Amino acid sequence: MRYLLAFLKKYSFFFLFILLEAIAFIWMMNGLNYQRSVMANLSGSLSGAVYSVANNITDFANLGRENEKLVQENVRLRNALSHKKTYYPVDSVVYDTLNYTTRDSAFYSQFVYEPVNFIHNTVHKPNNYLMIDKGRKEGIGQDMGIVNGSGVVGIITDVSNNFSWGMSMLNTNIKLSAKLKRNNQLGTVEWDGKEFRHGKLTDVPAHTNVKTGDTIVTSGYSQVFPEDIMIGFVDEVSVNEGTNLYAIRFRYAADFNSLDYGYVIKNVMIKEIDSISNIQKPVIN
Amino acid sequence: MTINNIIRFILLVAVQVIILNKINFSGYVDPYLYVFFILVLPFSIPRGALLLLGFFTGAVIDVFSHTYGVHAAATTFMAFARPGVIRMVSKKQEYETASAPGISEMGLRWFYFYSSVLILLHHAMLFVLEAFSFDHLILLAYRIVLNAVITLALVFIVHYLFPAQK
């Protein structure tokens, strides 16, 4: 003990220096997204190395790879499915059902799925962000939608070369156009910042028929998500006092506390859509 | 002495935050004159206090310029290096008789070497942390050297205009 104290005293200058630098670095990490994403890169590769060693020891060695394969498979299926949303030339009789092999632009679908890995996520803050392991190099850009196998997860906000940050649905800044699947009534999905299992659906008129258990899906009007992607299930229905709108509490389909694999949805026609929505619309009398 | 240092600290932080942080010639010019405060602290200051003052100075600059700990890290590093640099640039214990680093006390040559080494260390740490990558190494080196030279020039101007009172 005496030696320890003597040691600490002897090198106290150095220890104090390390302590102060550590404080400064923690401050930096909390402050700057860019530094955060670079740091997460480092910690990601470190923990990745540790995990891969652990995998070699245990019998779960193939689990990760299998999972990856499954995700790739899902991507193919989803890409094939989303072809339903595109318009084919009337004369085109040839409908290649495996058309991810086709290179004809007429067969491209509007939405392309990119498999991603969630590497950071929070659920207990008023504005929750998540981080995914792909970035600009994989063609990920701002305002793209994030989903997983269960439903909508969030929207990309910042992109670096290899990583992206996204707002999760558990963010008080998020407002997403949604509809009730049963009667196609439009509404807006928000989060009140309280609890991560439930969100709220607003702007649904109170004269419509909404029941507990109804499914809430994306409306497809936002160009971020395709139509009919699961968001959640209605839990409680009440009418906002003084308005004729419902206040609907719903349960999220995605479990935000255990995000693992997911997809980023690229809208390949976004430029075209933007170009026509920026043109001033003619006045129709 | 203490009062002088407090006044100098306030003035340097004010000049840094109000004037120098706003200057943006050619994009790359951002000198950090506030390091002058650490440069001219008395020789007799305990090393621990030196570190804490370094951290505190950087932290104050960070708070004002929204840089989240970058300056605190760089200035702490500079304070950490200061005793070693003093030993390096001095002949045998010549600073034991002097009170604080300065041109009048230690001579122009001594002060020039002493401050250029410390400013370079500070700026290197600062700009590397700011960029947080070595992707554009030449640009990074250019920014470090350019701003170190400008800061050094400013340090000399301030030193001549407001010589440290004994």
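What percentage of the 166 residues in chain B is buried? In this predicted model, buried residues make up 50% of chain B. The secondary structure of chain B consists of 7 helices and 0 strands, so that reading along the sequence gives the pattern α-α-α-α-α-α-α.

Two of these helices can serve as an example of the packing. Helix α4 of chain B covers residues 70-89, and helix α6 of chain B covers residues 108-131. Their axes lie 9 Å apart and meet at an angle of about 150°. Because an angle over 145 degrees counts as roughly antiparallel, α4(B) is roughly antiparallel to α6(B). As for handedness, the crossing in which α4(B) passes α6(B) is right-handed.

Single residues in other helices of chain B add detail. Helix α7 of chain B, residues 137-161, contains B:N147. Is B:N147 buried or exposed? With a relative accessible area of 0%, B:N147 is buried, because the cut-off for buried is under 20%. Along the chain, B:N147 and B:D30 are 117 residues apart, while 6.3 Å separates their C-alpha atoms.

A second residue to look at is B:G48, in helix α3 of chain B, which spans residues 47-65. The relative accessible area of B:G48 is 26%. That value falls between the limits of 20% for buried and 50% for exposed, so B:G48 is classed as partly exposed. B:G48 can be paired with B:F80: the two are 32 residues apart along the chain, and their C-alpha atoms are separated by 9.0 Å.

Chain A offers a surface feature. Which residues form the nonpolar patch on the surface? The patch is formed by A:M1, A:L4, A:L5, A:F7, A:L8, A:Y11, A:F14, A:F15 and A:I18. Together these residues have about 880 Å² of accessible area. The elements giving two or more residues to the patch are α1 (2-10) and α2 (12-31) of chain A. Of the contributions, that of α1(A) is the largest share, with 4 residues.

One member of the patch, A:F15, is located in helix α2 of chain A. Its relative accessible area is 33%, and A:F15 is therefore partly exposed. Patch residues need over 30% relative accessible area, and the 33% of A:F15 meets that requirement.

Terms used:
Residues numbered from 1 in each chain as written. Chains lettered and ligands numbered in written order. Predicted model: local features only at pLDDT ≥ 70, side-chain atom pairs only at ≥ 80, totals over all residues. Heavy atoms only, no water. Patch = residues over 30% accessible without salt bridge, like charges linked within 9 Å, V, L, I, M, F, W, Y side chains within 5 Å. Areas by Shrake-Rupley, 256 points an atom, 1.4 Å probe, with all protein chains shown as cover. Salt bridge = Lys/Arg side-chain N within 4 Å of Asp/Glu carboxyl O. Buried < 20%, exposed > 50% of the residue type's maximum accessible area, 1.4 Å probe, protein only. Axes fitted to C-alpha atoms, helices over the stretch in contact; angles between N-to-C directions. Parallel < 35°, antiparallel > 145°, perpendicular 65-115°, else oblique. Left-handed = near helix turned anticlockwise from the far one by under 90°.
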